[in-house]
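Hi,

Here is the structure I promised to pass on. Have a look at it first, and my notes follow underneath.

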Amino acid sequence: MPLLAIASLTLREAARRRVILAVALLSLIVIGLSAWGFERLHTMSVVQGRPSPSEAAATYALLTVMLAQMFSFVLAVGAAFLAAPSIAGEVESGVALVVLPRPIRRSDVLLGKWLGLSVLLALYALGAGGLELMVVKLITGYAPPHPFIALGFIAFQGIALLTLALALSTRLASITGGIVALVMYGVSWLAQPGATAAAIFHNEGLQHACTVITLLVPTGGLWRGAAFALEPVLIAAMSGTTQGANPITVSNPPTTPFLFWAAGWIVVVLLLGIRSFNKRDI
Amino acid sequence: MTATVAREGSASAGPSPAIHTVDLAKHYGDVAALSALSMSVPRGEVFGFLGPNGAGKTTAVKLLLGLTFPTGGEAFVLGAPIGDRETRRKIGYLPELFRYQDWLSASEVLAFHCVLAGVAKSARTKQIHNALETVGLAKRASDRVGSYSKGMQQRLGLAVALIGEPELILLDEPTSALDPVGRREVRDVLHSLKQRGVTVFLNSHLLTEVEQVCDRVAIVDRGRVIAIGPLAEITGDGWSVRIRLVRSSPELLEALRPFGQPAEEEDGTAIVIRGASPDRVPDAIAALVRAGARITAVEPNRRSLEDQFIRLLHGSADAAARDR
């Protein structure tokens, strides 16, 4: 089946070009450094009593959210820069000239690449994120309340950005598509605390603008889901006192209608990408 | 010249032509990449598609493969409208500006194309082996494409085009990166494809190569076919004779007038008689000697495809200038 052949080729390319090896090595270094930091903190708390056990628990929780945010950012950058050249690069290089005349649909090519890259991102989110959480648990005994839901949200967010970059790749040059996708990711991330701050200052115009941005690019909203799943009740409550107007912690998870919206958004962006690719002169 | 000029008639009865186009056009805004291409290529032929840079050759090939979409006219490939997915199963293509996944080996590239072309699993190993043997890459089958020279990559491109045992192969400058030995091998491949009844659509700048392998040719200029027909008809019976001598004179030119159109060349040390029949060359030489010429050499030449190509293009350019 051409779609699966292209998905498999996408995964093999990531492996052969040492993308997987490079990212895995860097992630292991980061996990190792964070393990050393957690170990120091835990030792100070146990041996010296400073920070106190409750302060240490809060710190572990906050640091875990921040680390997850770092992994989420790495995933977003990876999604943008793997997906943005996947169609544009093959058109520019001439690979598309020998693949597309075959008896396949252009949608097979696009969906095959989407599937291969989605599997790659999901594996990274579960593998690297899961390993990080496991290391924190082993060293400090701290475990976030819903680790698997958090990892799911991080993967969901990465796949959403990947879908956007892939759709852009059917029309824009590799570097342009990658940059546009990353800028949209950044704006969507900023729209979350921006909307809350606008609410505090009763700026309805800004609040509506932030809501529209979140709906147009739901990656920021999906990150809120990951952050909320990682926060103990105490942190979520503390976040509530600032009404969520900080970029690290959140007081409420994304709503169920928003999650359906985000899933539908991925489908619609994929269909738009297929339509754009189908109409493109190669 | 008896070649059909500008347009050949509609598809003949019997099996549909391998390629048939009627006023096929592609415009990018105000720019016409292809104006009104009308031609027919019967099945089983090696067909040469010639033209200067920018004539629309590659655009025409991309249109036939469904890679780009026409803005006018219509075209059929193997009896089906262009872009038909099932028909593409029977087509092989080697583009001019090609690239393959350089992190795969040659046999992995071919295996990937076997899947895309819908080749049955049981037939894949044999097809890959045959294709690699045909293009002389069997010994480098496991090497990564990234380590291949340009010529080897072009051979791989030809092997990819052979996957799926196509009925029609479109080759865009298939020997541009090959050395003379490689070119000879590609010519042999084209001959064997012809013997198997495969139609080959050859887009090439190397006119001597086209002369050696093609049954018929079309010459395109500004997106239109300006001549199409069997090679012999395109080149015609145009002979010329170059007579080298110590000194030309008006009297000598006059003595040659009955044998063709004589003209002085090379500062009066040669006379070329265009349109001279080869069997009248001895009489022309005798007439020259009688008129007092001191001849040093006689060189009969048949008009080449290149001569005719350039002549037709000049005619086309003049016609375009008159239209303006």
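Before anything else, please keep in mind that this is a predicted model.

I started with a strand pair in chain B. Strand β3 (residues 46-50) of chain B runs parallel to strand β9 (residues 216-221) of chain B, and 4 bridges join the two. If you want a spot to zoom in on, B:L50 sits opposite B:I219 in β9(B).

That pair belongs to a wider sheet. It's an open one with 6 strands and mixed pairing, and the order in chain B goes β6-β7-β8-β3-β9-β10. At the edges you'll find β6 (91-94) and β10 (224-230) of chain B, each of which pairs on one side only. From one strand to the next, the twist averages 15°. There's also a helix against this sheet: α5 (residues 150-162) of chain B packs on it and touches β6 and β7 (168-172) of chain B. The direction of α5 makes about 170° with that of β6(B).

Now over to chain A, where I looked at two helices. The axes of α7 (residues 174-200) and α8 (residues 204-216) of chain A come within 8 Å and cross at roughly 150°. Angles over 145 degrees count as roughly antiparallel, so that is what α7(A) is to α8(A). Their crossing is left-handed.

Which residues in α7(A) and α8(A) meet? On the α7(A) side they include A:V187, A:A191, A:A195 and A:A198, while A:L206, A:C210 and A:I213 are among those in α8(A). The residues of this contact divide into 8 nonpolar, 5 polar and no charged.

Cheers

Note on methods. Residues numbered from 1 in each chain as written. Chains lettered and ligands numbered in written order. Predicted model: local features only at pLDDT ≥ 70, side-chain atom pairs only at ≥ 80, totals over all residues. Heavy atoms only, no water. Pairing = 2+ DSSP bridges. Axes fitted to C-alpha atoms, helices over the stretch in contact; angles between N-to-C directions. Contact = heavy atoms within 4.5 Å. Parallel < 35°, antiparallel > 145°, perpendicular 65-115°, else oblique. Left-handed = near helix turned anticlockwise from the far one by under 90°. Nonpolar A, V, L, I, M, F, W, Y, C, P; charged D, E, K, R; others polar.
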